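Please walk me through this structure in a way that suits someone who has not seen it before. I would like to understand how a few chosen places fit into their surroundings.

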Amino acid sequence: MPPRTCALCNDARAILKRPKTGQQICKECFFYVFETEVHNTITEARLFKPGDRVAIGASGGKDSTVLAHVMKTLNERYKYGLELFLLSIDEGITGYRDDSLETVKRNQQQYDMPLKILSYDELYGWTMDAIVAQIGKKNNCTFCGVFRRQALDRGAAILNVDHIVTGHNADDIAETVLMNIMRGDIARLGRCTSICTQGEDTIKRSKPFKYAYEKEIVMYAYFKKLDYFSTECIYSPDAYRGHARAFLKDLEAARPSAIIDIIHSGEAFEINDDVKATQKLQQTCRRCGYMSSNELCKACTLLEGLERGMPTAAVTDRARRKLDADGPVPENLRTIPLFQLPSNLRQNAATAVEATS
Amino acid sequence: MQRRKKYDKTKICVRCKDAQGNIVIRHTVYCKNCFTPLLIHKFRRVLEPTVNPKPDGPRRTALKPAGNLVIGFSGGLGSSVLLDLVHRCYVALDKSTMPTEGGRDHPRHERVWKKVTVCYVEVCDAFPGMDDRTDEIARFVSRYDELDFVPLRIQHAFDRTWWERIGRSTSFSDIGVDLADESLLIEPLSQTHPDPLTALRTYLSSLPTPTAIHSSIQALTRVLLLHTALQTGSSHLVLGTSLTSLAVSLISGVAQGAGFNVREESMEEWTPDPETRPAPDTVPDDGTEGARKSKEARRTVRIVRPLRDIGMKECATWAWWSHIPVVGKEKWVWPGAKPGIGTLTKDFILGLEQDYPSTVSTVVRTCGKLAPKGEVAGKCILCGRPAQRGVQEWKARISIRSQPPPPPSDSDSTDAPATPAPVVPESKANTRPSLTPYLCYPCHTTLTSRSARPVPSPWPDTAHSSVAPLPVWTEARLGTHANVGVSVADEEEIAVAKKMDQEEMKGIVNEFLCIIRS
């Protein structure tokens with residue numbers, strides 16, 4: 001059988017079948033449509049404006065490595081006028097993060113971007129190794145997720161950037177939509193398909209790979225011969241997410257468009273107005289100044305539980321009551337340093353307060 | 001190892017607090033005597049608020065629907081239980097199912113629907129080697145008195161004589177769709193008035209995935225039931241979707257891109273298209289406002305799922321204790337077929353329910369808190385559900401399927417703003433009529449989304465035609481759109497119909513130009 005020609009340029013020999021469309025295309029066309037789709041996502045959502053300082057959340061894995069490469073390419077090709085940084089969080093997982101951080105350091109050289117590494121140890125006084133030693137492998141993803149989210153914002157504040165981009169891909173988002181429906185997490189369901197979260201006076205966080213299939217990201221890295229770290233986290237036995245991921249893979253095998261169809265579904269509905277009215281308002285943590293939906297933010301609650309030897313205090317209501325019954329917070333309790341927005345956002349926030357008062 | 005207890009505290013019924021329990025429903029124990037009123041209460045609680053045309057009106061004293069009732073019957077567990085409950089509560093007026101308050105002559109104890117019809121759609125002709133169960137179903141329905149039985153076959157969806165029989169006009173030409181091409185071009189059929197069975201099998205064989213075959217049959221069945229409801233002067237169509245099957249269909253719908261129609265999965269109101277409505281009925285119209293309103297209301301069919309608060313286990317228990325001989329349904333399979341999204345979802349949800357027992361109710365409660373986002377662009381020409389505006393632009397933007405223009409070169413002006421690449425290259429803008437603008441997102445995906453590997457057809461011996469026939473209601477609506485008073489048989493008239501497409505294309509380009517200007 002003669003080799004097929006590319007379905008896009010009708011010229012070169014097709015060397016891959018796009019998982020997203022099923023089309024057989026050549027390498028150059030694949031690079032170009034992949035990058036153009038990310039560009040469309042960025043411009044359609046008007047994510048950036050010229051002069052923005054943008055941090056790329058870099059873990060050394062495939063998603064963030066490809067993201068750094070594509071952001072650099074698009075910034076130059078379409079003259080976005082962005083100042084790009086790499087921001088890495090060191091969770092303190094021996095044999096996993098220490099290796100992947102080496103990849104990030106190589107990326108720093110390859111892409112010529114400033115790099116900031118912030119560790120859980122310096123921020124919270126705990127590494128994930130130490131946390132797992134205390135709580136075991138169950139629920140440790142809760143600690144890691146909450147701590148990483150806050151660490152990224154704190155790293156961004158140190159770099160004085162106003163925008164963080166992360167490598168969440170279409171598979172991650174589709175999986176989150178399914179999980180939020182099945183777990184009844186209506187607040188997260190309402191916002192998980194948004195490309196950009198946070199308002200005018202907080203650090204924006206967005207997902208330019210929102211519509212990029214994980215398989216295509218791997219393909220892109222493979223054909224571009226990008227340098228990335230491909231081991232799964234050694235502490236990631238999140239059973240529920242594992243079920244959802246396996247289900248999603250089955251759906252994708254049955255019909256590859258299922259991933260994008262789930263995202264479309266997530267974008268096509270919203271929370272009822274009646275339910276919206278009952279949701280908690282955002283406030284500021286009284287201990288560390290980070291945004292929170294309760295008096296204490298989740299990270300402070302988790303940290304207090306760890307420090308006082310009751311690590312499940314922020315996971316179950318019963319443990320929280322036990323912690324409260326155990327007496328007031330000791331004065332010498334280690335806490336997270338006070339959070340301050342980057343200077344430009346502080347100005348915005350102050351202006352917003354003046355305007356509303 | 002000690003077995004885990006299925007109940008929380010005691011084995012005594014939580015309702016009467018006296019008898020030994022007979023069933024555990026999500027850790028709560030009920031005895032047989034208390035289970036019956038509990039189930040009937042859950043059934044009535046969902047159905048009765050939807051009976052009166054104005055749902056919020058007073059219904060303490062009277063349930064006055066605008067028309068008759070159709071029960072969509074599949075032969076499965078849910079619809080068998082539903083039929084039993086409807087008959088006991090609203091036809092036989094079984095005293096044990098009546099609420100205790102209100103006295104013997106309370107108007108609530110009167111018959112609610114004047115006529116109750118059971119409609120069964122036989123799908124055996126869609127799959128090889130499947131048994132025809134129509135006679136068995138007819139015997140089952142005959143156990144209950146005062147019910148009309150309407151047996152249909154799935155190929156009626158392609159049958160002009162059926163369409164005529166239910167009072168619709170058949171003055172439209174034979175048109176089909178080219179399912180081999182993603183553009184879904186509308187073409188005249190090579191054969192006039194094809195045999196319905198051949199048309200059905202050609203249509204199914206042209207679909208790209210097992211998921212598409214399953215969801216198409218579900219959609220065809222649903223629309224056949226709705227037209228039957230209209231024909232029988234019914235204001236309500238009830239389906240036997242249990243809590244468990246509702247959770248499965250919600251997740252399966254989300255996985256097929258039907259997020260905009262999450263609400264319709266639980267409850268929906270359907271009105272026939274103005275173009276395909278039956279001729280004015282023979283009911284005398286005295287010209288008063290009341291008569292006009294009543295006629296209008298009769299043209300709307302409300303689809304209700306009264307078992308949506310009752311799980312599969314409770315349905316099975318009811319069927320067992322009430323000695324209901326459930327006929328059952330066969331699996332929709334054929335040689336070489338892989339499971340579709342619906343089957344995978346069902347297996348997944350039932351499996352997850354074992355480890356996380358609240359999954360099913362959580363899914364249904366969560367989806368109950370959702371509302372569609374965005375504008376409605378009309379009704380889908382295939383399934384009749386609301387279609388969201390702008391889905392084709394969305395699809396084109398997120399996955400480029402034709403060669404985009406080259407990237408800007410370095411010599412381009414540095415002031416050029418970053419703009420999205422055009423989603424539809426102008427040179428390839430399609431000027432031939434297409435089914436695409438008339439479809440909702442899930443139906444468009446059903447017709448166009450392909451598997452990574454070739455899928456065996458249920459009818460490999462069916463003469464393969466590049467143009468697949470369309471359901472009669474789709475043909476009828478397309479014919480009306482296209483002809484504007486004349487026939488759509490020749491190329492010229494088809495070109496008239498596509499003008500709308502060009503306008504839409506222009507709209508997309510305009511929108512894009514606005515982005516550039518801004």
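In which loop of chain A is Gly167(A) found? Before the answer, it should be said that this is a predicted model. Gly167(A) is found in the loop between β6 (163-165) and α7 (170-183) of chain A, and, with a relative accessible area of 12%, Gly167(A) counts as buried because the limit for that word is under 20%. Leaving aside neighbours within four places in sequence, Gly167(A) is in contact with Asp63(A), Leu67(A), Asp172(A) and Phe209(A).

Some of these names return in a record: the UniProt annotation "binding site", which comes from an unreviewed entry, covers Gly57(A), Ala58(A), Ser59(A), Asp63(A), Ile89(A), Gly167(A) and Asp172(A).

Another residue covered by that annotation is Ile89(A), which lies in strand β4 (residues 83-90) of chain A. Ile89(A) is buried, with a relative accessible area of 5%, and, when neighbours within four places in sequence are left aside, Ile89(A) is in contact with Arg97(A), Leu118(A), Tyr120(A), Arg148(A), Ala151(A) and Leu152(A).

The strands just named belong to a wider arrangement. In chain A an open sheet of six strands has the order β5-β4-β3-β6-β8-β7, and its pairing is mixed. Its edge strands are β5 (115-119) and β7 (196-197) of chain A, each of which pairs on one side only. Within the sheet, strand β3 (residues 53-57) of chain A pairs with β6(A) in the parallel sense over three bridges, and Ala55(A) stands opposite Ile164(A) in β6(A).

Helices accompany this sheet. Helix α2 (residues 62-77) of chain A lies across β3, β4 and β6 of chain A, and runs at about 155° to β3(A). Helix α3 (residues 97-111) of chain A packs on the sheet as well, touching β4 and β5 of chain A, with a direction that makes about 165° with that of β4(A).

Turning to chain B, one may ask where Ser242(B) lies. Ser242(B) lies in the loop between β8 (234-239) and α7 (243-255) of chain B, and is buried, with a relative accessible area of 3%. The side chains of Ser242(B) and Ser245(B) are joined by a polar contact of 2.9 Å, and, not counting residues up to four places away in sequence, Ser242(B) touches Leu307(B), Arg308(B), Ile310(B), Gly311(B), Met312(B) and Cys315(B).

Terms used: Residues are numbered from 1 along each chain as its sequence is written. Chains are lettered from A and ligands numbered from 1 in the order in which they are written. This is a predicted model: local features need pLDDT of at least 70, side-chain atom pairs count only at pLDDT 80 or more; totals for chains, interfaces and linings use all residues. Side-chain values use heavy atoms; hydrogens and water are left out. UniProt positions are given in the numbering used here, feature names are shortened, and annotations may be inferred rather than shown by experiment. Helices (H or I, at least four residues) and strands (E, at least two) are DSSP runs, numbered from the N terminus. Buried means under 20% relative accessible area, exposed over 50%, partly exposed in between (1.4 Å probe, protein chains only). Contact means heavy atoms within 4.5 Å. Two strands pair if DSSP finds at least two bridges between them. Axes are lines fitted to C-alpha atoms, for helices over the stretch in contact, and angles run from 0 to 180 degrees between N-to-C directions. A polar contact is a pair of N or O atoms within 3.5 Å; within protein, one must be able to donate a hydrogen and the other to accept it, and residues adjacent in sequence count only if both atoms are side-chain atoms.
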